[in-house]
Amino acid sequence: MATVSSLPSPAFLAADPAAALPSATILRFPPNFVRQLSTKARRNCSNIGVAQIVAAAWSDPARPASLPGGGAGGRRGASSRAAATPAAAAAASAAAEARAEVGAIPNAKLGQPSAAALAEQALLGSDASLAVHAGERLGRRIATDAITTPVVNTSAYWFNNSQELIDFKEGRHASFEYGRYGNPTTEALEKKMSALEKAESTVFVASGMYASVAMLSALVPAGGHVVTTTDCYRKTRIYMETELPKRGITMTVIRPADMDALQNALDNNNVSLFFTETPTNPFLRCIDIDLVSKMCHSKGALLCIDSTFASPINQKALTLGADLVIHSATKYIAGHNDVIGGCISGRDELVSKVRIYHHVVGGVLNPNAAYLILRGMKTLHLRVQCQNNTAMRMAQFLEEHPKIARVYYPGLPSHPEHHIAKSQMTGFGGVVSFEVAGDFDATRRFIDSVKIPYHAPSFGGCESIIDQPAIMSYWDSKEQREIYGIKDNLIRFSIGVEDFEDLKNDVVQALDKI
């Protein structure tokens with residue numbers, strides 16, 4: 001028969017719960033128990049379960065050192081170890097400020113580096129460390145001793161009384177209000193992305209396409225003018241061609257390398273924004289971010305770079321002069337072909353405008369999706385480095401093969417913007433586009449003959465993916481294929497993390513079929 005236990009104090013749970021609780025025990029919490037937990041743990045206790053309540057760390061500085069997570073010993077001796085060197089001591093001091101900042105003003109300008117951000121800068125000097133720890137190791141607003149950031153599944157957050165709500169509204173109390181306006185799991189993800197992109201602020205949304213729509217809707221005024229490029233994700237172009245005119249917004253479309261056309265558009269229009277991918281889809285053309293940022297800014301125009309094909313490991317557009325950078329997090333960022341999401345990073349004054357629009361319209365990233373993206377990002381640097389290396393070898397192999405007519409890859413000297421890619425990228429990405437020396441049917445036979453890559457849309461995941469854009473993306477419009485140079489024999493090959501020799505052998509046997 002189940003027993004009923006009344007817990008007189010949280011010290012009971014702070015001990016070893018597995019040893020202390022008899023089997024089939026029903027926990028009856030005293031009325032004041034939840035209020036003895038930190039504010040954040042209290043608000044999330046109905047969502048994250050008893051196991052994580054047990055792990056929840058008290059944020060009260062007066063918590064006894066004998067309790068796990070309390071005092072010098074409760075932090076696993078982190079402060080004493082960190083003090084071993086002057087640099088580490090400074091980082092430890094910043095980390096202490098970051099923990100205190102959990103209760104800081106929530107609406108402070110994100111453009112001002114927080115104590116947590118400064119601590120991360122002191123501790124985490126590489127993309128590898130940032131991908132693993134940024135947004136989570138220091139300054140996480142979920143009070144827990146769990147290594148991984150918990151999933152906070154809640155639609156709303158409650159307040160103790162009206163005064164606490166007023167304090168929140170006026171910026172004196174840190175909390176969340178409604179799930180559409182923010183979530184602790186998603187906030188940790190946004191901090192990680194900001195750290196990787198060297199951005200003041202990041203907002204995560206439901207998809208990469210919605211990120212583009214929200215950015216254009218929030219930052220391009222009615223009657224404005226947008227410049228974009230011929231080579232880009234087709235759905236982005238469709239949105240710009242069909243939806244922007246409804247707001248009186250006009251558009252100039254230029255070829256990616258045509259800087260004279262960009263200058264002409266800037267000179268003859270009141271341009272609000274130049275929005276381009278680099279590398280582009282599917283021909284992987286590269287835009288000189290430093291050059292075009294200066295051209296745009298001299299005319300008062302913003303520059304937004306869709307860096308999805310690069311990832312923040314290979315390219316940091318903001319440090320090169322871009323105002324905003326967009327990613328479809330579905331691709332390299334999450335990296336496992338199991339979640340859809342998008343993000344916009346950049347200066348806080350711009351991202352805040354997108355965030356306000358997003359709060360009104362919706363397009364919210366589910367916290368479970370945020371958790372999957374957070375988990376995926378911990379291996380981002382490892383995956384991208386592997387994909388860079390394998391794609392480079394694949395591009396070199398294909399360029400020498402007699403049954404391949406042309407290869408598009410920015411890492412090859414034959415690529416028209418190879419010099420630009422070398423100057424602004426540290427790696428060239430995991431996508432290789434190429435044209436088979438054959439017609440539509442020969443190309444289809446090749447696609448149908450490969451055994452390892454999946455025949456599917458998307459890219460950037462652990463699994464290799466291959467497609468024939470004439471079918472996958474442009475089957476409904478032969479005219480559009482001709483306008484944008486999508487030949488029947490074009491193939492887009494997204495390299496996963498499989499062994500190069502296995503992929504090469506598979507490609508060879510498929511080419512033998514044509």
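**Exercise 1. A helix across a sheet**

Which strands does helix 10 lie across, and at about what angle does helix 10 run to strand 3?

Solution. The model is predicted.
Step 1. Find helix 10, residues 184-197.
Step 2. Follow helix 10 over the sheet: it lies across strand 3, strand 8 and strand 9.
Step 3. Compare directions: helix 10 runs at about 130 degrees to strand 3.
Step 4. Turn to helix 16, which also packs on the sheet and touches strand 3, strand 7, strand 8 and strand 9. The direction of helix 16 makes about 25 degrees with that of strand 3.

**Exercise 2. The sheet of 7 strands**

Give the strand order of the open sheet of 7 strands, and explain why one side of each edge strand is left without a neighbour.

Solution.
Step 1. Reading across the sheet, the order is 3-9-8-7-6-4-5, and the pairing is mixed.
Step 2. The edges are strand 3 and strand 5 (250-254); each has a single partner strand, so one side of each has no neighbour in the sheet.
Step 3. From one strand to the next, the twist averages 20 degrees.
Step 4. Look inside the sheet at strand 7 and strand 8, which pair in the parallel sense over 3 bridges. Here Cys-304 stands opposite Leu-324 in strand 8.

**Exercise 3. The sheet of 5 strands**

Name the edge strands of the open sheet of 5 strands, and state how strand 10 runs relative to strand 11.

Solution.
Step 1. The order is 10-11-14-13-12, with mixed pairing.
Step 2. Strand 10 (404-408) and strand 12 (454-455) are the edge strands, each pairing on one side only.
Step 3. Strand 10 and strand 11 (residues 431-436) run antiparallel and are joined by 4 bridges.
Step 4. One residue pair to locate is Arg-406, which stands opposite Glu-435 in strand 11.

**Exercise 4. Helix 16 and its cover**

Compare the reach of helix 16 with the expected value, then list its buried residues and what covers them.

Solution.
Step 1. Helix 16 spans residues 348-361, which is 14 residues. From first C-alpha to last it reaches 19 Å, close to the 20 Å expected at 1.5 Å a residue.
Step 2. Its buried residues are Asp-348, Leu-350, Val-351, Val-354, Arg-355, His-358 and His-359.
Step 3. To read the spacing in that list, recall a general rule. An α-helix has 3.6 residues a turn, so residues three or four places apart point the same way.
Step 4. The cover over these buried residues includes helix 10, helix 11 (208-219), strand 3 (201-205), strand 7 (302-306), strand 8 (324-328) and strand 9 (342-346).
Step 5. After helix 16 comes Gly-362, with a positive phi near 115 degrees.

**Exercise 5. A cavity and one lining residue**

What lines the largest cavity, and is Thr-236 buried or exposed?

Solution.
Step 1. There are 2 cavities of 30 Å³ or more in the structure, and the largest has a volume of about 50 Å³.
Step 2. The lining of the largest cavity consists of Ser-212, Thr-228, Cys-232, Thr-236, Phe-275, Thr-276, Glu-277 and Asp-306. Strand 6 (residues 271-277) gives the most to this lining, with 3 residues.
Step 3. Thr-236 belongs to helix 12 (residues 234-242).
Step 4. The relative accessible area of Thr-236 is 8%, and buried means under 20%, so Thr-236 is buried.
Step 5. Leaving out residues up to four places away in sequence, Thr-236 touches Met-209 and Phe-275.

**Exercise 6. The whole chain**

State how many helices and strands the chain has, and what share of its residues is buried.

Solution.
Step 1. The chain has 23 helices and 14 strands.
Step 2. Of its 514 residues, 54% are buried.

Terms used: Residues numbered from 1 in each chain as written. Predicted model: local features only at pLDDT ≥ 70, side-chain atom pairs only at ≥ 80, totals over all residues. Heavy atoms only, no water. Helix = DSSP H or I, 4+ residues; strand = E, 2+ residues; numbered from the N terminus. Expected span 1.5 Å × (residues − 1). Buried < 20%, exposed > 50% of the residue type's maximum accessible area, 1.4 Å probe, protein only. Contact = heavy atoms within 4.5 Å. Pairing = 2+ DSSP bridges. Axes fitted to C-alpha atoms, helices over the stretch in contact; angles between N-to-C directions. 1 Å grid on protein atoms, 1.4 Å probe; cavity = no way out; pocket = protein on both sides within 12 Å on 5 of 7 lines; lining within 4 Å. Points joined across faces, edges and corners; volume = space filled by probe spheres on them.
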